[in-house]
Amino acid sequence: MSQWRAGTVQAWLEVVMAMPMYIRTCSENVKSGKVLLGLTDEDLELGLGVSSLMHRRKLRLAIEDYRDAENGKELSKAADLDHHWVAKAWLSDVGLPQYSQAFHTHLVDGRMLNSLTRRDLERHLNITKKFHQVSLLLGIELLQSFNFDKEVLQARRIQSEHQNDDPLVWTSHRVMKWIKDIDLK
(Lines give C-alpha, C1' and ligand atoms only; values in the text may rest on other atoms or scores of the structure.)
Protein backbone atom coordinates (compact mmCIF):
# COMPACT_ATOMS: atom_id res chain seq x y z
CA MET A 1 0.00 0.00 0.00
CA SER A 2 2.85 2.41 0.74
CA GLN A 3 3.80 2.23 -2.96
CA TRP A 4 0.33 3.11 -4.23
CA ARG A 5 -0.32 6.30 -6.14
CA ALA A 6 -3.51 8.35 -5.84
CA GLY A 7 -5.29 6.45 -8.65
CA THR A 8 -4.64 3.09 -7.00
CA VAL A 9 -5.92 4.41 -3.66
CA GLN A 10 -9.11 5.60 -5.36
CA ALA A 11 -9.57 2.30 -7.20
CA TRP A 12 -9.06 0.38 -3.92
CA LEU A 13 -11.61 2.59 -2.20
CA GLU A 14 -14.16 2.02 -4.97
CA VAL A 15 -13.62 -1.61 -5.93
CA VAL A 16 -12.19 -3.38 -2.88
CA MET A 17 -13.78 -1.33 -0.13
CA ALA A 18 -17.05 -0.62 -2.04
CA MET A 19 -16.95 3.00 -0.90
CA PRO A 20 -17.14 5.13 -4.06
CA MET A 21 -18.99 7.82 -2.12
CA TYR A 22 -15.67 8.93 -0.60
CA ILE A 23 -13.59 9.05 -3.79
CA ARG A 24 -14.01 12.77 -4.44
CA THR A 25 -12.76 13.83 -1.00
CA CYS A 26 -10.11 11.12 -1.13
CA SER A 27 -8.78 12.44 -4.44
CA GLU A 28 -8.55 15.91 -2.92
CA ASN A 29 -6.82 14.82 0.30
CA VAL A 30 -5.01 11.50 -0.20
CA LYS A 31 -2.30 11.55 -2.83
CA SER A 32 -0.65 8.19 -2.06
CA GLY A 33 -0.92 4.93 -0.19
CA LYS A 34 1.68 6.19 2.24
CA VAL A 35 -0.67 9.02 3.24
CA LEU A 36 -3.55 6.53 3.53
CA LEU A 37 -1.51 4.33 5.89
CA GLY A 38 -1.03 7.31 8.20
CA LEU A 39 -4.66 8.36 8.48
CA THR A 40 -6.29 8.41 11.90
CA ASP A 41 -9.97 8.06 12.73
CA GLU A 42 -10.18 11.83 12.97
CA ASP A 43 -8.55 12.20 9.53
CA LEU A 44 -11.09 9.79 8.06
CA GLU A 45 -13.95 11.79 9.50
CA LEU A 46 -12.73 15.33 8.92
CA GLY A 47 -10.43 14.88 5.93
CA LEU A 48 -12.42 12.33 3.94
CA GLY A 49 -15.89 13.15 5.25
CA VAL A 50 -16.56 9.61 6.49
CA SER A 51 -19.28 10.48 9.00
CA SER A 52 -20.54 6.91 9.47
CA LEU A 53 -18.83 5.32 12.46
CA MET A 54 -19.13 1.88 10.86
CA HIS A 55 -17.63 3.06 7.57
CA ARG A 56 -14.73 4.65 9.48
CA ARG A 57 -14.21 1.41 11.35
CA LYS A 58 -14.19 -0.54 8.10
CA LEU A 59 -11.55 1.77 6.63
CA ARG A 60 -9.48 1.84 9.83
CA LEU A 61 -9.48 -1.96 10.12
CA ALA A 62 -8.46 -2.32 6.46
CA ILE A 63 -5.69 0.26 6.84
CA GLU A 64 -4.44 -1.53 9.99
CA ASP A 65 -4.46 -4.83 8.08
CA TYR A 66 -2.40 -3.28 5.27
CA ARG A 67 -0.07 -1.68 7.84
CA ASP A 68 0.55 -5.15 9.28
CA ALA A 69 1.17 -6.44 5.74
CA GLU A 70 3.76 -3.68 5.27
CA ASN A 71 5.53 -5.11 8.33
CA GLY A 72 5.83 -8.61 6.92
CA LYS A 73 2.50 -10.22 7.83
CA GLU A 74 -0.01 -11.37 5.26
CA LEU A 75 -3.38 -9.69 4.91
CA SER A 76 -5.87 -11.39 7.19
CA LYS A 77 -8.19 -14.02 5.71
CA ALA A 78 -11.03 -11.82 6.99
CA ALA A 79 -10.05 -9.44 4.17
CA ASP A 80 -11.34 -12.05 1.70
CA LEU A 81 -14.89 -11.82 3.09
CA ASP A 82 -16.51 -8.85 1.37
CA HIS A 83 -19.69 -7.19 2.56
CA HIS A 84 -21.80 -8.89 -0.14
CA TRP A 85 -20.78 -12.34 1.12
CA VAL A 86 -21.42 -11.33 4.73
CA ALA A 87 -24.82 -9.76 4.02
CA LYS A 88 -26.09 -12.53 1.78
CA ALA A 89 -24.34 -15.88 2.30
CA TRP A 90 -23.14 -15.65 5.89
CA LEU A 91 -26.32 -14.15 7.35
CA SER A 92 -28.35 -16.79 5.51
CA ASP A 93 -26.08 -19.54 6.87
CA VAL A 94 -26.56 -18.19 10.39
CA GLY A 95 -30.32 -18.11 9.80
CA LEU A 96 -30.73 -14.35 10.11
CA PRO A 97 -31.13 -13.01 6.56
CA GLN A 98 -33.56 -10.35 7.83
CA TYR A 99 -30.52 -8.29 8.86
CA SER A 100 -29.01 -8.36 5.39
CA GLN A 101 -29.97 -4.77 4.56
CA ALA A 102 -28.43 -3.36 7.77
CA PHE A 103 -25.19 -5.29 7.20
CA HIS A 104 -25.14 -4.20 3.57
CA THR A 105 -25.81 -0.54 4.41
CA HIS A 106 -22.96 -0.51 6.92
CA LEU A 107 -20.71 -2.44 4.49
CA VAL A 108 -19.93 -5.06 7.14
CA ASP A 109 -17.12 -7.24 5.79
CA GLY A 110 -14.99 -9.94 7.38
CA ARG A 111 -12.70 -7.54 9.19
CA MET A 112 -15.70 -5.75 10.67
CA LEU A 113 -17.34 -9.01 11.67
CA ASN A 114 -14.20 -9.81 13.62
CA SER A 115 -14.57 -6.54 15.54
CA LEU A 116 -18.32 -6.59 16.28
CA THR A 117 -19.56 -6.69 19.84
CA ARG A 118 -23.02 -7.20 21.26
CA ARG A 119 -23.18 -3.43 21.79
CA ASP A 120 -22.34 -2.81 18.11
CA LEU A 121 -25.07 -5.21 17.02
CA GLU A 122 -27.62 -3.38 19.10
CA ARG A 123 -26.48 0.19 18.66
CA HIS A 124 -25.36 0.29 15.03
CA LEU A 125 -27.15 -2.60 13.34
CA ASN A 126 -30.43 -2.39 15.29
CA ILE A 127 -30.32 -6.03 16.39
CA THR A 128 -32.10 -5.98 19.73
CA LYS A 129 -33.19 -9.59 20.12
CA LYS A 130 -30.74 -11.25 22.52
CA PHE A 131 -30.93 -14.67 20.85
CA HIS A 132 -30.19 -13.10 17.47
CA GLN A 133 -27.19 -11.32 18.97
CA VAL A 134 -25.94 -14.57 20.47
CA SER A 135 -26.42 -16.40 17.16
CA LEU A 136 -24.43 -13.74 15.31
CA LEU A 137 -21.66 -13.66 17.90
CA LEU A 138 -21.39 -17.47 17.84
CA GLY A 139 -21.30 -17.36 14.03
CA ILE A 140 -18.43 -14.87 14.26
CA GLU A 141 -16.71 -17.11 16.81
CA LEU A 142 -16.98 -20.02 14.36
CA LEU A 143 -15.38 -17.91 11.63
CA GLN A 144 -12.63 -16.92 14.06
CA SER A 145 -11.97 -20.59 14.87
CA PHE A 146 -11.36 -21.15 11.14
CA ASN A 147 -9.25 -17.98 10.92
CA PHE A 148 -11.93 -16.55 8.60
CA ASP A 149 -11.04 -19.09 5.91
CA LYS A 150 -14.41 -19.69 4.27
CA GLU A 151 -13.01 -22.44 2.00
CA VAL A 152 -11.98 -24.55 5.00
CA LEU A 153 -15.36 -23.96 6.63
CA GLN A 154 -17.17 -24.86 3.41
CA ALA A 155 -15.14 -28.06 3.03
CA ARG A 156 -16.15 -29.13 6.55
CA ARG A 157 -19.77 -28.33 5.77
CA ILE A 158 -19.69 -30.41 2.60
CA GLN A 159 -18.26 -33.38 4.52
CA SER A 160 -21.16 -33.31 6.97
CA GLU A 161 -23.90 -32.54 4.46
CA HIS A 162 -25.21 -36.12 4.32
CA GLN A 163 -24.01 -37.31 7.71
CA ASN A 164 -25.21 -36.29 11.11
CA ASP A 165 -21.80 -35.39 12.41
CA ASP A 166 -19.89 -32.14 12.91
CA PRO A 167 -22.93 -30.01 13.83
CA LEU A 168 -20.57 -27.20 14.82
CA VAL A 169 -20.28 -26.19 11.14
CA TRP A 170 -23.87 -26.77 10.11
CA THR A 171 -25.74 -23.89 8.54
CA SER A 172 -29.25 -22.99 9.63
CA HIS A 173 -30.53 -24.81 6.53
CA ARG A 174 -28.61 -27.96 7.49
CA VAL A 175 -30.10 -27.83 11.00
CA MET A 176 -33.60 -27.62 9.47
CA LYS A 177 -32.84 -30.64 7.29
CA TRP A 178 -31.71 -32.60 10.34
CA ILE A 179 -34.86 -31.62 12.26
CA LYS A 180 -36.98 -32.97 9.40
CA ASP A 181 -34.84 -36.14 9.21
CA ILE A 182 -35.58 -36.95 12.85
CA ASP A 183 -39.31 -36.28 12.36
CA LEU A 184 -39.53 -33.04 14.31
CA LYS A 185 -41.02 -31.02 11.46
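Q: How many salt bridges does the structure hold?
A: The structure holds twelve salt bridges. A salt bridge here is a side-chain nitrogen of Lys or Arg within 4 Å of a carboxyl oxygen of Asp or Glu. This is a predicted model: local features need pLDDT of at least 70, side-chain atom pairs count only at pLDDT 80 or more, and totals for chains, interfaces and linings use all residues. Residues are numbered from 1 along each chain as its sequence is written, and side-chain values use heavy atoms, with hydrogens and water left out.

Q: Why is the contact between R56 and E45 called a salt bridge?
A: The N to O distance between the side chains of R56 and E45 is 3.9 Å. The limit is 4 Å, so the pair counts. R56 sits in helix α5 and E45 in helix α4 (residues 41-47). The two are eleven residues apart, and the pair links distant parts of the chain. Helices are DSSP runs of H or I of at least four residues, strands are runs of E of at least two, and both are numbered from the N terminus.

Q: How do you know whether R56 is buried or exposed?
A: Look at relative accessible area: buried means under 20%, exposed over 50%, and partly exposed in between (1.4 Å probe, protein chains only). R56 has 9%, so R56 is buried. Its partner E45 has 37%, so E45 is partly exposed.

Q: What makes E64 and R60 a salt bridge?
A: Their side chains meet at 3.6 Å, N to O. That value is within the limit, so the name fits. Both residues lie in helix α5, four residues apart, about one turn of the helix. E64 has 31% relative accessibility, so E64 is partly exposed. R60 has 29%, so R60 is partly exposed too. A network of salt bridges links D41, R60 and E64.

Q: Where do D181 and K177 lie?
A: Both lie in helix α12, four residues apart, about one turn of the helix. Their side chains meet at 3.3 Å, N to O, so they form a salt bridge. D181 counts as partly exposed at 43%, and K177 is partly exposed at 31%.

Q: What makes a space a cavity, and which residues line the largest cavity?
A: On a 1 Å grid over the protein atoms alone, a cavity is a set of points where a 1.4 Å probe fits but cannot get out; a pocket is an open set with protein on both sides within 12 Å along at least five of seven lines; lining residues have an atom within 4 Å of a point. V9, W12, L13, C26, L36, L44, L48 and L59 line the largest cavity. Helix α1 (residues 6-16) gives the largest share of this lining, three residues.

Q: Why is the lining of the largest cavity counted by class as it is?
A: Ala, Val, Leu, Ile, Met, Phe, Trp, Tyr, Cys and Pro count as nonpolar, Asp, Glu, Lys and Arg as charged, and the others, Gly among them, as polar. The lining therefore divides into eight nonpolar, no polar and no charged residues.

Q: Which element gives the most to the lining of the second largest pocket?
A: Helix α5 gives the most, with four residues. The full lining is L61, E64, D65, D68, S76, K77, A78, R111, N114, N147 and F148. By class these are three nonpolar, three polar and five charged.
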